[in-house]
Structure formats: structure tokens, C-alpha cells
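The following report describes selected features of one protein model, moving from its strands and helices to its internal space and its charged pairs. Please read it beside the sequence and the structure shown here.

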Amino acid sequence: MNYLTIENVSKSFGENILFENLSFHIEQGQKVAFVARNGTGKSTLLKIIIGEEAPEGEHPKLQLYKGLKLGYLDQSPKLDGNLSVIETILDTDNPALNAVRNYELCMLQPDQPEALQAALEKMDELKAWDYDAQIKQILSKLNIANLEQQISTLSGGQQKRVALARILIDEPDFLIMDEPTNHLDLEMIEWLEKYLDKSKLTLLMVTHDRYFLERVCNTIIELDEGKLYRYRGNYSHFLIKKQERREHQVREVTRARSLMRGELDWMRKQPKARGTKGKARIDAFYNLESKANKNIKDERLQMEIKTTRMGSKILELHNVSKGYDDLKLIEKFDYKFKKSDKVGIVGKNGAGKSTLLNLFLQLEKPDGGKVVKGETVQFGYYSQDGIQLNEQKRIIDVVRDIAEYIPLEGKGRNLTATMLLEHFLFPKEQHYTFVHKLSGGERRRLYLLTILMKNPNFLILDEPTNDLDILTLNVLEEFLIDFKGCLVIVSHDRYFMDKLVEHVFAFEGDGLIRDFPGNYSDYRDRKEAEELNAPKPEKQKKKVEAPKPAEEGERRISREERKALNKLEGQIKKLESQKTDLNAKFSDPNLDPNDIPALAKELDDIKKQIDIKEEEWMEMAEELES
């Protein structure tokens with residue numbers, strides 16, 4: 001069943017043609033990634049699909065399956081600032097979700113017992129308690145805690161998480177997402193990855209997260225030089241097939257150039273072809289010329305930048321501590337940077353990663369200990385908040401204002417501003433474009449070049465991959481692999497981190513920063529192994545006796561296991577009875593309003609206990625069935 005059909009869709013802004021005559025379809029159950037360079041119209045295409053932009057072209061067709069429930073996550077969601085978080089998240093036509101919304105709002109107003117009782121009854125009537133549990137899980141995973149907070153007081157990243165929660169809770173049939181992993185920390189991304197992988201929904205997304213592409217998507221559609229290419233498979237399959245396609249193109253161009261030499265001699269004789277064969281040969285010549293002139297230059301360029309000399313003392317942290325009020329971020333951290341160190345910094349949002357960078361740069365002072373910077377260190381700092389470009393300047397002038405060239409290894413060798421722009425995928429014809437005409441990803445790429453053009457010997461990159469396309473990321477990675485100075489990266493892009501960093505500073509809570517030798521995936525594997533082998537609490541140490549196998553190899557439930565299951569069932573039944581009694585108290589006309597907050601809290605605690613016990617029962621039942 002086709003959920004989406006697109007035929008002959010084009011889009012341009014003035015003289016800038018984004019794409020022409022695109023045609024493709026998406027079937028039910030497919031999880032599709034749309035891959036293209038920045039500035040080629042990925043986000044615009046998504047907006048055309050959802051109806052925010054009008055398609056262009058001769059007889060364009062855009063058809064969604066009738067009755068389809070569509071969900072859309074914008075790269076920068078526009079939420080109503082006057083609403084609270086809970087009002088925004090549960091703004092839906094779904095009756096069960098509306099019941100949950102009303103219930104949660106009533107829980108925030110315990111001085112209205114009649115409204116709360118009516119909400120409880122509606123929840124029971126619509127069997128909405130499962131929705132309530134699911135909502136709480138999604139909110140917990142996305143670190144959305146204060147449901148009363150007004151949207152206007154949230155940061156851009158917080159609003160993105162609220163918008164993502166709303167989309168997931170609403171459970172659309174077809175979900176369209178524009179850079180869903182931006183503003184999520186690594187744990188959130190890994191949870192979302194698993195959530196979407198297990199989900200049966202149909203998905204179309206734009207993302208630069210290559211592990212996300214690898215583990216979630218089963219189809220990749222690439223827009224390259226105005227043509228669409230469709231790949232059935234994940235990111236690894238896409239890379240293999242793309243390389244095969246590129247090699248085929250190189251062979252085609254090489255063959256066309258060889259044939260051109262003979263045909264060019266014939267054309268130079270100015271044949272007065274009047275017959276059909278002559279005209280056909282002339283037409284064939286121009287087709288051949290088009291193929292032969294195709295640019296097949298490899299966009300990767302090996303560069304050995306000659307960085308500024310770095311002394312023996314680089315950057316040292318001695319017993320450094322930092323916190324705010326009662327929040328302890330960094331506690332007695334020691335590290336001495338060595339030449340060519342490549343470090344990744346990981347941790348939850350708010351753990352203190354940006355604070356640590358500010359200590360490196362001496363933009364903040366530690367509460368205890370000291371930070372010592374070597375005299376020869378020249379920082380290059382890429383920050384999400386630091387993008388300030390003159391909108392009325394041309395691209396080439398923005399870079400040349402900093403430097404005309406970067407010195408390369410080898411006597412007299414330089415990398416000019418023009419060469420660097422081309423290397424980072426700004427073609428010559430774009431060099432004199434004004435900054436205000438650039439897309440968001442192109443602006444970030446240009447800002448990155450202004451940092452690199454200063455030729456620092458200590459690079460600090462804070463979320464450098466946001467809004468960059470995959471091709472740009474590959475170029476940046478190759479550049480950083482060749483970089484001879486120190487490199488510190490804060491990024492939620494696991495692929496990027498794994499390719500570049502050699503050890504990790506991991507924020508593990510309560511001020512502890514762990515220096516782990518290896519990349520992010522190595523660290524993650526070690527953490528999972530440590531958690532698996534960690535001693536369990538005393539109450540979990542008692543294990544049910546392993547059942548004896550049946551004669552034909554079938555699993556048989558032992559008496560002890562059955563007793564454990566029965567015990568859980570009894571506990572669940574008792575909790576359900578307590579829940580019923582509490583609900584009845586809310587109907588008592590003599591109920592003292594002052595008692596309502598305590599009763600509401602008790603009811604919420606009991607529901608949580610029921611959820612925990614039911615999960616324990618299900619896990620045990622599944623284990624016994626396996």
C-alpha cells in the first residue's frame with residue numbers, strides 16, 4: 001500500500017533551482033531516509049509533503065493515502081508559547097489521550113475533587129491507563145519533568161524534545177522527521193533509535209546521524225546532482241551501492257572522453273548532415289559531450305596542515321572542581337593534554353560538558369584547583385552559539401578577511417581560501433554568493449571554515465555536526481584525521497566520535513569525570529558490561545530454582561517458580577484493591593479538600609507500584625516460556 005506518491009515535483013527560489021521533476025513513492029511500513037547535500041532542498045521537500053509549501057513543475061502530483069494520520073517533526077518546531085508542557089504534549093483529537101490530559105491537569109489542581117473524580121472515571125471508561133504509562137515513559141526518556149512549565153520559558157532544545165514527545169505520544173501512521181536527533185543527548189538518541197526500530201510506523205526522515213541510518217532505516221533515497229537514487233537497505237548497503245554507482249560513472253565518463261576524440265574530428269569538418277543518420281550522429285555527439293564533460297573529481301583531498309608549533313606545556317587541569325549552588329558538576333578532575341590528543345566528551349544534557357569547555361578556554365574560573373594554559377596554545381573554538389556572520393558579505397570575503405591561505409607541510413605550499421572553500425563543498429560559482437542566501441547547514445559549514453582558517457593548534461568543537469549533511473561530515477572527518485594539533489569534541493554523533501577520538505571524558509554523575517581509553521562505542525560497551533556484572537541489591541539475590549527440563553526438552557515450571565508468580569499476582573491484586581478504595585474516597589461528599597493532595601499522591605504511588613509489579617510478572621512469565 002502506497003502511503004505517499006510524488007511525481008514530477010520541482011521547486012525553486014528565484015533563479016536557484018533546488019530540484020526538478022522528482023518522483024518516488026513510500027510504502028506502508030518503510031523507514032526511509034532522504035539524503036542530500038545542504039542547500040539542495042531536503043527540508044523544503046518535507047514541507048511540500050505536509051502542505052506548508054506548494055509543489056512546482058509541469059503537472060506535479062503529490063498524493064497521501066486517504067485517511068492517513070500524519071505526524072511531522074520540524075527541525076525548529078514552532079510551539080504555542082502560551083501553553084504549558086502538558087497542554088502542548090497532549091494537544092490531540094485522540095479521546096484516550098484527551099482523558100490522560102484532563103487527568104494530569106486535574107492532578108495539578110487537587111483542590112477540585114469533583115473534577116478529579118470525573119477524570120478518574122473517564123480514564124477507567126476509556127482504558128487510558130496504558131496510555132498514561134506510555135506517556136510517562138516517553139517523557140522520562142526525553143527528560144521532560146516539569147509539565148506545568150510554560151513553553152515560552154523553554155530553550156530551543158527543550159522545545160524540540162517536547163515536540164518530539166508530542167509526535168511519539170500521538171502515534172501517527174506516517175511520521176516525517178527533520179533532524180530528529182538534534183538537541184538530544186546520547187542516551188536519548190539510543191532510546192529513540194530502539195523505539196523507532198521496534199515501531200511498526202512508516203517513517204520518512206532527514207538525518208545526518210549515520211548510526212541512526214544504519215539501525216533504523218530500511219530504504220535510503222539520495223538526491224545527487226538533481227537525480228534521485230533509491231537504495232533498499234541500511235546505511236552500509238547505501239555506501240556500497242553508491243561506490244559501485246560512482247565507479248560505473250567514472251567508467252562511463254572515461255569511455256565517453258575516449259569516443260569524443262574521434263567524434264570531435266568528424267564534427268570539426270562541419271558535416272552538412274541532411275539525412276536522418278547524419279542528424280542522429282550529431283545528436284549522439286552532443287549526448288556524448290554531456291557525458292564526457294561530467295565532473296568526476298574526487299572531492300576528498302589529503303591535506304597536511306602545518307599547525308603552529310606547540311610547546312611541551314599545552315593545557316593542564318590540576319584538581320579542578322566546579323559547580324553551581326548545590327549542583328556538583330566537576331569534582332577534583334586532573335588531566336594534562338599531550339600533543340595530538342583527540343578527546344571526546346560525553347554525558348547527559350546539563351551534566352557539565354559546556355562548563356568543562358569554558359574551563360579549558362578560561363572563560364570561567366574553577367571553584368577549586370587550577371587550569372594552566374601553555375604559551376604556544378592557540379585555540380579554535382566552534383560553538384553553537386558563536387555563529388555570527390555578516391549577512392551582506394560574500395562567502396569568499398568572509399574567509400579571506402581572516403586569512404588568504406593556510407600553510408601546508410612542505411616548503412612554500414599553501415592552502416588558499418578558495419581551495420579550502422572548494423574542499424568543503426562550496427563550488428567556485430558559489431564563492432561570490434552573499435551569506436544571507438545560504439541555508440542553515442551552509443552557514444554552519446562557513447562558520448566552521450572561519451575557525452579552521454585561523455589555523456589553531458588546539459581545536460574545540462561543540463556539536464559541530466548539527467545540520468551538516470553526510471558528505472560534509474565525511475570531508476570534515478578526513479580533515480580532522482589529518483589535523484596535527486589537539487582536538488576536543490562534544491558531539492551526540494556517535495559515528496563522528498568513533499571515527500576521530502582516541503579517549504573519552506565521560507560525565508558519570510556527582511562530579512565524576514572518567515577518562516576512558518578508546519572511542520565512544522568502546523566506552524558504551526564497557527559501561528554495559530559493568531552494569532551487567534554489577535552486584536544486585538539484596539532483595540534481588542534470591543533466585544528461583546532453575547526448573548528441571550522435561551523429557552522431550554520442554555521447559556517445565558517448578559513449584560518455586562509458580563509460587564513466585566502467584567506471590568506477584570497477589571501483590572498486584574492487593575494494589576488494585578487499594579487503588580479502588582482510594583478512587584472511592586474521591587467520591588465521598590464529606591471529603592476534606594485539605595486531604596486531596598495526600599490522597600492524589602498516594603494514588604499515583606500505587607499506580608507506579610502496579611506498573612512495576614506487572615512488569616516483573618511479565619518478565620518472569622516470558623523467561624519461563626522461553
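Two strands are said to pair if DSSP finds at least two bridges between them. The model discussed here is a predicted one, and every value below was computed from it.

**Strand β19 and its partners**

With that rule in mind, strand β19, which covers residues 503-509, makes a useful starting point. Strand β12 (residues 342-346) pairs with β19 in the parallel sense, over four bridges, and within this pairing I345 stands opposite F505 of β19. Strand β20 (residues 512-517) is joined to β19 by six bridges, and these two strands run antiparallel; here A506 has R514 of β20 as its bridge partner. β19 and β20 form a hairpin with two residues between them, and D510 in the turn has a positive phi of about 55°.

How many of the seven residues of β19 are buried? Five of them are, so the strand is largely enclosed by the rest of the structure. As a general point, the side chains of a regular strand alternate between the two faces of the sheet.

**Helix α11 and what follows**

Helix α11 (residues 353-360) is likewise mostly covered, with seven of its eight residues buried. The buried residues of α11 are K353, T355, L356, L357, N358, L359 and F360. Just after the helix, Q362 takes a positive phi of about 60°.

The loop between α11 and β13 (368-373) also contains E364, which pairs with another part of the chain. The side chains of E364 and K322 meet in a salt bridge, at 3.9 Å from N to O. Because K322 lies in strand β10 (residues 315-324) and E364 in the loop after α11, the pair ties together parts that are 42 residues apart in sequence. E364 counts as partly exposed, at 22% relative accessibility, whereas K322 counts as buried, at 11%.

**Charged pairs around R514**

Side chains of opposite charge can pair when their charged atoms come close. The model has a count of 33 salt bridges, and R514, already met as the bridge partner of A506, takes part in two that are described here. One of these joins R514 to E508, the closest N and O atoms being 3.3 Å apart; E508 is partly exposed, with a relative accessible area of 27%. R514 also forms a salt bridge with E530, where the closest N and O atoms are 2.8 Å apart. Since E530 lies in helix α17 (residues 520-533) and R514 in strand β20, this pair ties together parts that are 16 residues apart in sequence. E530 is partly exposed, with a relative accessible area of 34%. Elsewhere, R210, E477, E478, D493 and K499 are joined into one network by salt bridges that share partners.

The salt bridges described individually above are listed here.

| Salt bridge | Closest N to O distance |
|---|---|
| E364 and K322 | 3.9 Å |
| R514 and E508 | 3.3 Å |
| E530 and R514 | 2.8 Å |

**Internal space**

Rolling a probe the size of a water molecule over the atoms shows where empty space is left. In this model the count comes to one cavity of 30 Å³ or more, and the largest cavity has a volume of about 40 Å³. Which residues line the largest cavity? The lining consists of I305, L452, N455, P456, L459, F479 and F483, and by class these are six nonpolar, one polar and no charged residues.

**Loop residues**

Two aspartates in loops have a positive phi although neither is a glycine, and they can be taken in turn. D325, in the loop between β10 and β11 (327-336), has a positive phi of about 55° and is exposed, with a relative accessible area of 84%. D467, in the loop between β17 (458-462) and α15 (470-482), has a positive phi of about 70° and counts as buried, at 11% relative accessibility.

Finally, N94 lies in the loop between α2 (85-89) and α3 (95-107). Is N94 buried or exposed? Its relative accessible area is 18%, and N94 is therefore buried, the cut-off being under 20%. The side chain of N94 reaches the backbone nitrogen of A96 at 2.9 Å.

Key. Residues numbered from 1 in each chain as written. Predicted model: local features only at pLDDT ≥ 70, side-chain atom pairs only at ≥ 80, totals over all residues. Heavy atoms only, no water. Buried < 20%, exposed > 50% of the residue type's maximum accessible area, 1.4 Å probe, protein only. 1 Å grid on protein atoms, 1.4 Å probe; cavity = no way out; pocket = protein on both sides within 12 Å on 5 of 7 lines; lining within 4 Å. Points joined across faces, edges and corners; volume = space filled by probe spheres on them. Nonpolar A, V, L, I, M, F, W, Y, C, P; charged D, E, K, R; others polar. Salt bridge = Lys/Arg side-chain N within 4 Å of Asp/Glu carboxyl O. Polar contact = N/O pair within 3.5 Å; in protein donor to acceptor, adjacent residues only side chain to side chain.
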